[in-house]
Amino acid sequence: MAKEAAEMSEETVHMIERSAGKDPEGALCPGDAKEMRAVVLTGFGGLNKLRVTRKAMPEPQEGEIKIRVKACGLNFLDLMVRQGNIDNPPKTPLVPGFECSGIVEALGSNTKGFEIGDRVMAFVNYNAWAEVVCTPLEFVYKIPDDMTFPEAAAFSMNFVAAYMMLFEVANLRDGMSVLVHSAGGGVGQAVAQLCSTVPNVTVFGTASSFKHEAIRESVTHLFDRNADYVQEVKKLRRRSAAPALDRTPRPRLIDPLFAFSGSSNMVTGETKSFFSFAKSWWQVEKVNPIKLYEENKVIAGFSLLNLLFKQGRGGLVKTVVQKLLSLYEQKKIKPLVDSLWALEEVKEAMQRIHDRGNIGKLILDVEKSPTPLVSKQPQFPQ
Ligand SMILES: NC(=O)c1ccc[n+]([C@@H]2O[C@H](COP(=O)([O-])OP(=O)(O)OC[C@H]3O[C@@H](n4cnc5c(N)ncnc54)[C@H](OP(=O)(O)O)[C@@H]3O)[C@@H](O)[C@H]2O)c1
């Protein structure tokens with residue numbers, strides 16, 4: 001990571017733990033160093049732990065690219081980080097955020113293939129929600145000319161996670177079925193679009209009812225998130241397996257996104273709740289491995305961030321990004337952006353996710369000014 005971050009490194013085994021979330025400058029900007037704006041998480045907890053501050057700008061080290069950030073992705077995971085609701089959370093204060101898009105501003109040594117001025121999107125091991133970011137070359141991807149910066153910031157995390165779950169983990173093929181929870185969310189919409197690139201895939205989606213009109217076309221069957229959709233899915237599958245309809249291969253139900261919704265369920269309010277964590281753990285069905293074998297079933301776990309920052313699979317992810325960019329250029333997929341927010345509006349943006357209000361992805365637009373809060377009609381004394 002950036003020079004300043006390296007000086008603060010801790011003795012841990014994995015990169016994600018070594019550099020994750022490290023505040024590259026401490027909380028404030030010393031002396032005459034160049035400054036930037038950044039969102040800082042001052043401690044784990046509620047929205048009041050977030051603020052925008054000025055910090056010293058990082059400079060790229062060997063193999064790193066310095067990006068002038070235009071837009072950053074806000075993911076569900078960022079809410080969990082804020083709450084400290086993740087495994088081995090890094091120390092605070094930290095700058096949150098795992099993905100951004102922008103323009104290459106400077107290059108460290110050994111960064112062949114990139115030039116100053118390139119339009120790029122990138123994964124960052126924390127520190128993305130800032131005006132400037134430095135990240136290793138292997139996590140940076142050039143973007144097509146017609147891809148906007150908000151689209152690019154909405155692209156990498158959602159589409160790479162969805163693609164790898166569908167095609168690398170679940171081996172999605174013609175005639176299969178997919179159940180996706182929160183089908184109207186960032187990952188949910190990426191899953192729905194990628195499923196439509198494979199023939200005869202049935203997509204069962206769940207979402208809050210008010211989203212149904214907007215996303216109905218993107219899935220085959222849509223259920224309210226509170227409905228007994230397990231029974232509904234079973235009913236629909238029985239019907240499609242009936243002899244009169246049995247022209248296509250019987251759909252097999254796979255639920256590659258189980259882990260996605262599993263982690264969302266642990267967030268029930270603004271702050272971490274041990275009760276909901278325990279409840280989620282308790283409610284997860286206990287699986288007998290012998291049954292998996294007898295019933296020809298597979299359960300898999302997937303963490304894109306661990307794959308990138310802990311397990312050194314940046315090369316594999318890069319090939320996936322190239323395939324996805326090709327699908328984008330063929331106009332087969334397109335990130336759905338819900339709304340743009342200034343860095344100073346990060347609390348309101350996060351609140352929108354807590355309220356389940358988003359359809360698609362929330363973006364922090366670094367150049368956007370905060371929308372002034374309009375006060376209610378002033379009441380003058382008579
Ligand atoms: N494993 C990985 O590598 C990986 C990578 C990226 C994302 N993910 C996971 O994929 C899931 C979706 O991520 P995303 O960033 O695209 O988020 P998202 O789906 O846009 O998240 C917001 C939506 O989630 C639903 N939701 C479910 N439980 C919720 C809760 N407790 N509080 C608020 N909303 C809740 C709501 O939709 P409805 O009300 O319509 O259901 C809400 O609008 C998350 O669980 C995330 O952690 C995993």
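Does Phe159 count as buried or exposed, and at what relative accessibility? Keep that in mind while you look at the whole chain, which is a predicted model, and then select the residue itself.

**The whole protein**

Begin with everything displayed as a cartoon, where you can follow 14 helices and 13 strands through the protein. Of its 382 residues, 50% count as buried. If you consider the contacts between residues at least 6 apart in sequence, 71% of them join residues that are at least 24 apart.

**Phe159 and its surroundings**

Now select Phe159, which you will find in helix 5. Its relative accessibility is 2%, and because buried means under 20%, Phe159 counts as buried. Show the residues around it: leaving aside those up to four places away in sequence, Phe159 touches Ala154, Ala190, Gln193, Leu194, Leu324, Ile333, Lys334 and Pro335. One of these, Ile333, lies 174 residues from Phe159 in sequence, yet the two C-alpha atoms are 9.1 Å apart in space.

**Helix 5 against helix 13**

Next select residues 314–329, which form helix 13, together with helix 5, and turn the view until you can see both axes, which come within 10 Å and cross at roughly 100°. With that crossing angle, helix 5 is roughly perpendicular to helix 13. To see what makes the contact, show the side chains of Phe159, Val160, Tyr163, Met164 and Glu168 on helix 5, and those of Leu316, Val317, Val320, Val321, Lys323 and Leu324 on helix 13. If you colour these residues by class, you will have 9 nonpolar residues, no polar ones and 2 charged ones.

**Helix 6**

Move on to residues 186–195, which are helix 6; 9 of its 10 residues are buried, so this helix is largely enclosed by the rest of the structure. The buried residues to select are Gly186, Gly188, Gln189, Ala190, Val191, Ala192, Gln193, Leu194 and Cys195. Around them, the elements that provide cover include helix 5, strand 8 (177–180), strand 9 (202–207), helix 7 (212–215) and helix 13.

**The nonpolar cores**

In soluble globular proteins, nonpolar side chains tend to be buried together. Here the largest nonpolar core has 94 residues, and the members that touch the most other members are Phe123, Trp129, Leu304, Val317 and Leu324. Helix 5, at residues 156–169, gives this core its largest share, with 9 residues. At least three residues of the core come from domain 1 (20–155 + 336–374), and at least three come from domain 2 (158–240 + 251–304).

Select Trp129 to look at one of these members more carefully. Not counting residues up to four places away in sequence, its contacts are Ala38, Val39, Cys72, Gly73, Leu74, Asp78, Val95, Pro96, Gly97, Val346, Met350 and Leu364. A second core, separate from the one just visited, has 6 residues, among them Leu179, Phe204, Phe223 and Leu236.

**Helix 3 and helix 14**

Two residues touched by Trp129, Asp78 and Met350, can guide you to the next stop, since Asp78 in helix 3 and Met350 in helix 14 both belong to the contact between those helices. Helix 3 is mostly covered, with 6 of its 8 residues buried, and these are Asp78, Leu79, Met80, Val81, Arg82 and Gln83. Add helix 14 (residues 346–354), which packs against helix 3 at an angle of about 105°, with the axes 10 Å apart; the two helices are therefore roughly perpendicular to each other. In this contact, Phe76, Asp78, Leu79, Arg82 and Gln83 of helix 3 meet Met350, Ile353 and His354 of helix 14, and the classes represented are 4 nonpolar, 2 polar and 2 charged.

**Backbone details**

Follow the chain out of helix 3 to Gly84, which has a positive phi near 75°. Further along, in the loop between helix 3 and strand 4 (99–107), select Pro93, which is joined to Thr92 by a cis peptide bond with omega about 0°.

Finish with two residues that have a positive phi although neither is a glycine: Asn110, at about 55°, and Tyr126, at about 70°. Asn110 sits in the loop between strand 4 and strand 5 (119–123), and at 56% relative accessibility it counts as exposed. Tyr126 sits in the loop between strand 5 and strand 6 (132–136), and Tyr126 is buried, with a relative accessible area of 4%.

Methods: Residues are numbered from 1 along each chain as its sequence is written. This is a predicted model: local features need pLDDT of at least 70, side-chain atom pairs count only at pLDDT 80 or more; totals for chains, interfaces and linings use all residues. Side-chain values use heavy atoms; hydrogens and water are left out. A nonpolar core is a set of buried Ala, Val, Leu, Ile, Met, Phe, Trp, Tyr and Cys residues joined through side-chain atoms within 4.5 Å. Buried means under 20% relative accessible area, exposed over 50%, partly exposed in between (1.4 Å probe, protein chains only). Helices (H or I, at least four residues) and strands (E, at least two) are DSSP runs, numbered from the N terminus. Domain bounds come from an automatic or database domain assignment. Contact means heavy atoms within 4.5 Å. Axes are lines fitted to C-alpha atoms, for helices over the stretch in contact, and angles run from 0 to 180 degrees between N-to-C directions. Angles under 35 degrees count as roughly parallel, over 145 as roughly antiparallel, 65 to 115 as roughly perpendicular and the rest as oblique. Ala, Val, Leu, Ile, Met, Phe, Trp, Tyr, Cys and Pro count as nonpolar, Asp, Glu, Lys and Arg as charged, and the others, Gly among them, as polar.
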